[in-house]
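User: I'd like a close look at a single part of this one. Here it is.

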Amino acid sequence: MDYYGNFSERFTLQREFKDLTLWFDGSCSPCNPDGNIGFGWQLLNGEDLIAEGWGFEIYTGARSTSNNLAEFKALNAGLRYLIDSRIIFENLVVFGDSQFVISMCEGRYRISENKGYSPAALEFKEKIEPCLKNITYNWISRDFNNACDALAEKFKTLSYQHSME
């Protein structure tokens with residue numbers, strides 16, 4: 001198994017919201033680049049958790065992995081959940097602890113081709129972002145992203161266990 005992803009949804013019939021927040025994080029180890037990656041995201045309405053997701057990818061050598069790739073996978077998975085679940089919102093505030101990814105989302109950095117993160121960054125720019133409106137991106141210190149950091153670390157550890165099998 002090279003990749004695994006999943007999500008958990010809190011039961012709610014509500015599909016329309018005024019303001020939502022999406023938190024995300026990704027991690028790569030035992031080395032960066034070219035380690036196993038884990039990622040996680042949480043979608044909240046105020047303090048109420050609507051859904052959370054996680055995943056991991058085992059480094060096989062077929063393509064490069066990195067922290068930046070893991071961060072983009074976390075962001076993309078959370079945003080795809082919003083789209084696929086047909087959740088309607090007025091405003092979405094996204095929080096991540098990767099200055100690089102947040103800066104790319106805001107358009108301050110361009111996507112370089114032939115980088116390990118490029119496919120995930122292009123998926124974001126070309127397929128996901130055009131489907132969503134009223135998004136604000138905010139960089140936060142890792143100290144304030146504990147829940148998603150814990151998801152990323154947990155599933156990165158699972159990827160390491162699977163790679164040893």
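User: Which side chain does the side chain of Glu 52 make a polar contact with? And after that, walk me through how helix H3 is packed.

Analyst: The side chain of Glu 52 makes its polar contact with the side chain of Gln 42, at 2.8 Å; that term takes a pair of N or O atoms within 3.5 Å, one able to donate a hydrogen and the other to accept it, with sequence neighbours counted only if both atoms are side-chain atoms. Keep in mind that this is a predicted model, where local features need pLDDT of at least 70, side-chain atom pairs count only at pLDDT 80 or more, and totals for chains, interfaces and linings use all residues. Numbering runs from 1 along each chain as its sequence is written, and side-chain values use heavy atoms, leaving out hydrogens and water.

Glu 52 sits in strand E4 (residues 48–57), strands being DSSP runs of at least two residues and helices H or I runs of at least four, numbered from the N terminus. Glu 52 is buried, at 14% relative accessible area, where buried means under 20%, exposed over 50% and partly exposed in between, with a 1.4 Å probe and protein chains only.

Now for H3 (residues 118–128): its buried residues are Ser 118, Ala 120, Ala 121, Phe 124 and Ile 128. Their cover includes helix H1 (67–84), helix H2 (99–105) and E6. Between H1 and H3, Leu 69, Phe 72 and Leu 75 are among the H1 residues at the interface, and Ala 120 and Phe 124 are among those of H3; contact here means heavy atoms within 4.5 Å.
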